[in-house]
Amino acid sequence: MFYRENGQFKTSYRADQQIFPIRQDRVFMLLVLAVAFLAVPMLASDYLLRAILIPFLILSLSAIGLNILVGYCGQISLGTGAFMAVGAYAAFNFGVRFPFLPLLVQVLLGGLCATIVGVIFGIPSLRIRGLYLAVATLAAQFFVDWAFLRIPFLTNYSASGSVSVANLQVFGFPIQSALSRYLFCLSVVAVFALLAKNLVRGAIGREWMAIRDMDVAASVIGIRPMYAKLTAFAVSSFIVGVAGALWGYLHLGSWEPLAFSLERSFQLLFMVIIGGLGSIVGSFFGAAFIVLLPVGLNNIPHMLGLPLSVDTASHIEHMIFGGLIVFFLIAEPHGLAKLWSIAKEKLRIWPFPH
Amino acid sequence: MAFFLETLFGGLMSGMLYALIGLGFVLIFKASGVFNFAQGAMVLLAALCMARFSVWIPAWFGFENKFLANLLAMIVTGAMMVVVAWAIERVVLRHLVNQELTTLLMATLGISYFLDGAGQIMFGSAVYAIDVGMPKDPLFLLEGMFEGGVLVNAEDMIAAAVAAALVGALALFFQYTATGRALRAVADDHQAAQSIGIPLNRIWIIVWAVAGLVALVAGIIWGSKLGVQFTLSTVALRALPVVILGGLTSVPGAIIGGLIIGVGEKLSEVYLGPMVGGGIEVWFAYVLALVFLLFRPQGLFGEKIIDRV
């Protein structure tokens with residue numbers, strides 16, 4: 001009823017190709033941003049910010065990074081946690097060794113280091129694919145886990161690889177309260193999501209998708225697989241690295257390599273599958289789902305008077321994740337994002353479906 | 001020299017066990033083109049079931065005989081693995097025919113999470129012991145040649161022998177029986193196999209059931225060595241490079257890959273480890289497999305696949 005584009009005529013290619021061609025979409029996006037930047041800070045409690053919204057934002061960013069690699073370029077990766085770890089520890093190292101660097105620069109440098117590591121571990125993807133690549137990225141995971149535990153230089157000679165950051169500030173403003181952390185994360189995520197969205201609809205994004213759909217055919221029509229795959233690895237690990245740095249700096253404050261274990265990599269892959277492979281908005285849906293499910297599992301049985309033990313809850317969580325992965329792969333390979341777009345489509349033609 | 005030999009033996013033994021888990025991967029990949037990430041979860045599930053039933057059954061029926069208890073538990077577990085295989089085919093694989101390999105890979109990841117959770121809900125998540133009466137004493141070999149002899153673990157020797165026997169039996173099964181031939185045909189080309197009347201569904205159930213039974217053997221051996229607990233499913237992750245090195249479609253490849261990785265891991269840990277701070281066992285196999293992939297992407301005995309548009 002409200003979601004109709006008739007009457008919105010485009011008279012130039014430029015207008016036709018814009019990021020949100022339908023006016024309702026533009027209004028909706030502005031509304032979402034307004035709520036996120038203005039309404040949430042006024043309404044949300046510290047607990048909500050710290051335990052749900054900040055992890056949600058950072059994991060969304062990470063999922064966007066992974067989605068570029070898996071969803072858009074078709075290169076499966078089980079080593080996302082490793083690239084997050086590289087981002088976090090690299091940012092930490094820059095912070096410790098060059099204390100004059102602003103926070104934002106530290107975070108971006110962390111992302112840059114993750115890019116380098118990502119490209120190095122992406123090189124095998126030029127010769128192998130699919131299953132083999134999954135194992136290659138697992139190699140990255142195990143190697144990086146080990147490196148941060150055993151190479152003292154990387155953790156500034158702290159015991160057991162745990163490090164912490166303090167006194168964060170941006171442009172002279174201290175970032176201590178949950179609210180300022182949330183706003184900082186939100187700004188970074190908003191900027192990166194916009195950049196990612198633009199990247200995947202441009203020439204480079206179409207190259208990635210061509211490689212994903214059929215790499216041999218793509219190379220026949222003149223797409224260089226090497227360039228496409230390595231840029232996907234680079235962009236993806238940059239975003240993931242930045243997310244890792246944010247995760248360490250703003251969410252955890254002090255962390256150890258275990259924070260970026262294999263479990264994290266699987267979790268991110270699940271976000272991408274459940275949210276929707278090859279969709280930026282899907283990354284947000286997936287992250288929201290995975291952040292909220294454990295919270296729900298802890299609270300709902302409690303409210304019904306059937307308190308679950310922590311163990312059982314985590315086993316049930318495993319089962320639900322596993323079951324949902326299979327369900328989505330079978331029934332809706334494009335995940336929650338697809339359901340979202342179906343809903344929009346339905347609204348467009350309502351009340352006169354074909 | 002004796003120390004080197006001990007390390008070498010230790011490596012060969014653990015390599016044999018890796019090969020046993022790797023075999024589960026290879027079997028399923030060979031017969032259905034699915035890279036089964038859930039093999040580790042299946043090992044854990046089988047071991048949990050085995051450990052619990054070998055205690056529960058004597059308690060229910062009130063007898064003490066250890067051998068009988070283990071035998072019954074083994075039968076129950078075997079039956080359960082067959083049911084699991086059937087359920088996986090029915091619920092998951094049947095709907096994913098002709099999907100891309102990566103989709104199937106992610107589906108098995110989902111299965112693995114599901115089995116992890118389900119197994120621990122059914123059987124509890126404490127650490128259990130499996131006791132099938134394997135001797136735990138160390139053995140000394142070649143005492144005439146070296147002073148003090150070469151120390152090996154009797155348990156490891158038996159495990160290696162069991163693994164070798166299983167591998168031999170499976171190789172014969174694949175090579176000489178009609179079902180084995182059918183399995184290889186399905187692996188080559190689903191459609192072609194179906195068109196000459198090979199029932200794809202039944203083949204899938206068979207192959208997952210066999211992989212489940214291999215998981216049972218691996219679970220019993222690893223479980224009696226390390227105890228049954230969640231970490232057992234991560235042992236399978238250590239066995240992944242094995243199949244990569246050996247080539248995904250080759251049964252002998254899994255064994256030779258397992259031996260190379262077992263030996264490489266132990267030797268590198270002992271001789272290279274101290275230089276870089278130890279603990280390199282966790283990634284050595286992966287990095288070895290990775291470097292290897294750069295030069296020979298199909299693995300030692302894998303088939304080279306040529307793509308055409």
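**Polar contacts across A/B**

I started with polar contacts between the two chains of this predicted model. Across the interface of chain A and chain B I got one residue pair in polar contact, with both residues at pLDDT 80 or more. Next I looked up salt bridges between chain A and chain B, and the count is zero.

**Who supplies the chain A side?**

Which elements give two or more residues to the side of chain A that touches chain B? I noted four helices of chain A: H6 (131-150), H9 (215-220), H11 (262-275) and H13 (310-331). H13(A) has the largest share of that side, with 12 residues. I then sorted the residues on the chain A side by class and wrote down 33 nonpolar, five polar and five charged.

**Extent of the interface**

I pulled the contact totals too: 43 residues of chain A are in contact with 46 residues of chain B. The area buried between the two chains comes to about 4,000 Å². Carbon and sulfur atoms give 81% of that buried area. I put this beside the 33 nonpolar residues on the chain A side and the zero salt bridges between the chains.

**Cavities**

How many cavities of 30 Å³ or more are there? My count is one. The largest cavity holds about 30 Å³ of space. I listed its lining as Leu27(B), Phe173(B), Phe174(B), Leu183(B), Val207(B) and Val210(B). Helix H5 (154-176) and helix H8 (200-226) of chain B are the elements that give two or more residues to this lining. By class I have six nonpolar residues in the lining, no polar ones and no charged ones.

**Second largest pocket**

I moved on to the second largest pocket, and its volume is about 1,700 Å³. I found 49 residues in its lining. Which of them lie nearest the centre of the pocket? My note reads Phe20(A), Met29(A), Ile280(A), Val281(A) and Trp340(A).

For the elements around this pocket, I have six helices of chain A that each supply at least two lining residues: H2 (23-43), H3 (46-72), H7 (178-201), H8 (203-213), H12 (280-303) and H14 (335-349). The largest share of the pocket lining is from H2(A), with 10 residues. I also split the pocket lining by class: 35 nonpolar, five polar and nine charged residues. So much for the pocket; I set its nine charged residues beside the cavity lining, where I had no charged residues.

Terms used: Residues are numbered from 1 along each chain as its sequence is written. Chains are lettered from A and ligands numbered from 1 in the order in which they are written. This is a predicted model: local features need pLDDT of at least 70, side-chain atom pairs count only at pLDDT 80 or more; totals for chains, interfaces and linings use all residues. Side-chain values use heavy atoms; hydrogens and water are left out. Contact means heavy atoms within 4.5 Å. Buried area is the accessible area (1.4 Å probe) that two parts lose on being put together, summed over both. A salt bridge is a side-chain nitrogen of Lys or Arg within 4 Å of a carboxyl oxygen of Asp or Glu. A polar contact is a pair of N or O atoms within 3.5 Å; within protein, one must be able to donate a hydrogen and the other to accept it, and residues adjacent in sequence count only if both atoms are side-chain atoms. Ala, Val, Leu, Ile, Met, Phe, Trp, Tyr, Cys and Pro count as nonpolar, Asp, Glu, Lys and Arg as charged, and the others, Gly among them, as polar. On a 1 Å grid over the protein atoms alone, a cavity is a set of points where a 1.4 Å probe fits but cannot get out, and a pocket is an open set with protein on both sides within 12 Å along at least five of seven lines; lining residues have an atom within 4 Å of a point. Grid points are joined across faces, edges and corners, and a volume is the space filled by probe spheres set on the points.
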